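The exercises below are meant to be worked with the coordinates at hand, each followed by a solution in steps.

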Amino acid sequence: MTRVYLTQCGHFTATHGHGGTLNEAPHPHTFAYEITFYGPLNKEGYLIDFRVLQDVFARELNARLEGADLNQLFENPTTETLAVWIFNTLQQKFPQIYQVKVSEEKDRWITYRGGN
C-alpha cells in the first residue's frame with residue numbers, strides 16, 4: 001500500500017502578548033503554518049482533496065484566527081499553544097494529520113505531532 005505525506009500551508013495575522021517571564025505587551029505577528037497529513041492513497045490516487053483542505057482551513061483556522069487577539073482565545077497565547085490547538089482542531093476532521101508547524105517569525109518554528 002502506497003502512503004504519502006501531504007502538506008498544506010497558510011498564514012494569518014493575529015496579536016498576542018505575554019505576562020510572566022516573557023513579559024511582552026500585545027504585538028502582532030503574521031503567523032505561518034504548515035500542516036502535514038500522512039496515509040494511504042485512496043482508490044482515485046490521492047490522500048485528501050486539496051479543495052477540502054482549503055475550505056476547512058479557511059473556516060476552522062483563518063476565519064477564527066485572522067485579526068484575533070490570541071490572549072482572548074488561549075490562557076497561554078504562545079506559538080506552542082497555537083500549534084497544539086491547530087493540531088487538535090484539525091484532528092477531529094482529518095485523522096490523517098501527522099504534524100503542525102507554526103512560525104511567528106521566518107527563522108522560528110514550533111512543530112507538534114500530537115500525543116504528550
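Throughout, a contact means heavy atoms within 4.5 Å, while helices (H or I, at least four residues) and strands (E, at least two) are DSSP runs numbered from the N terminus. The model is a predicted one, in which local features need pLDDT of at least 70 and side-chain atom pairs count only at pLDDT 80 or more, whereas totals for chains, interfaces and linings use all residues. Residues are numbered from 1 along each chain as its sequence is written, and side-chain values use heavy atoms, with hydrogens and water left out.

**Exercise 1.** Determine the order of the secondary structure elements along the protein chain.

*Solution.* Begin with the inventory, which comes to three helices and four strands. Reading from the N terminus then gives the order β-β-α-α-α-β-β.

**Exercise 2.** Compare the expected span of helix α3 with the distance between its end C-alpha atoms.

*Solution.* The expected span is 1.5 Å times one less than the number of residues. For the 13 residues of α3 (residues 79-91) this yields 18 Å, and the end C-alpha atoms are 18 Å apart, so the two values agree.

**Exercise 3.** Find which residues of α3 are buried, and what covers them.

*Solution.* Taking buried as under 20% relative accessible area, exposed as over 50% and partly exposed as in between (1.4 Å probe, protein chains only), one obtains Thr 79, Leu 82, Ala 83, Ile 86, Phe 87, Thr 89 and Leu 90. Their arc, taken from the directions from the helix axis to the C-beta atoms, is only 170°, which means that they lie on the same side of α3. The cover over these buried residues includes, among others, α1 (50-65), β1 (3-18) and β2 (24-40).

**Exercise 4.** Identify the residues through which α1 and α3 meet.

*Solution.* From α1 come Val 56, Phe 57, Glu 60, Leu 61, Arg 64 and Leu 65, and they meet Leu 82, Trp 85, Ile 86, Thr 89 and Leu 90 of α3.

**Exercise 5.** Characterise Asn 23 by its backbone angle and its surroundings.

*Solution.* Asn 23 is placed in the loop between β1 and β2, and its relative accessibility of 62% is why it counts as exposed. Although Asn 23 is not a glycine, its phi is positive, at about 45°. Most residues other than glycine have a negative phi.
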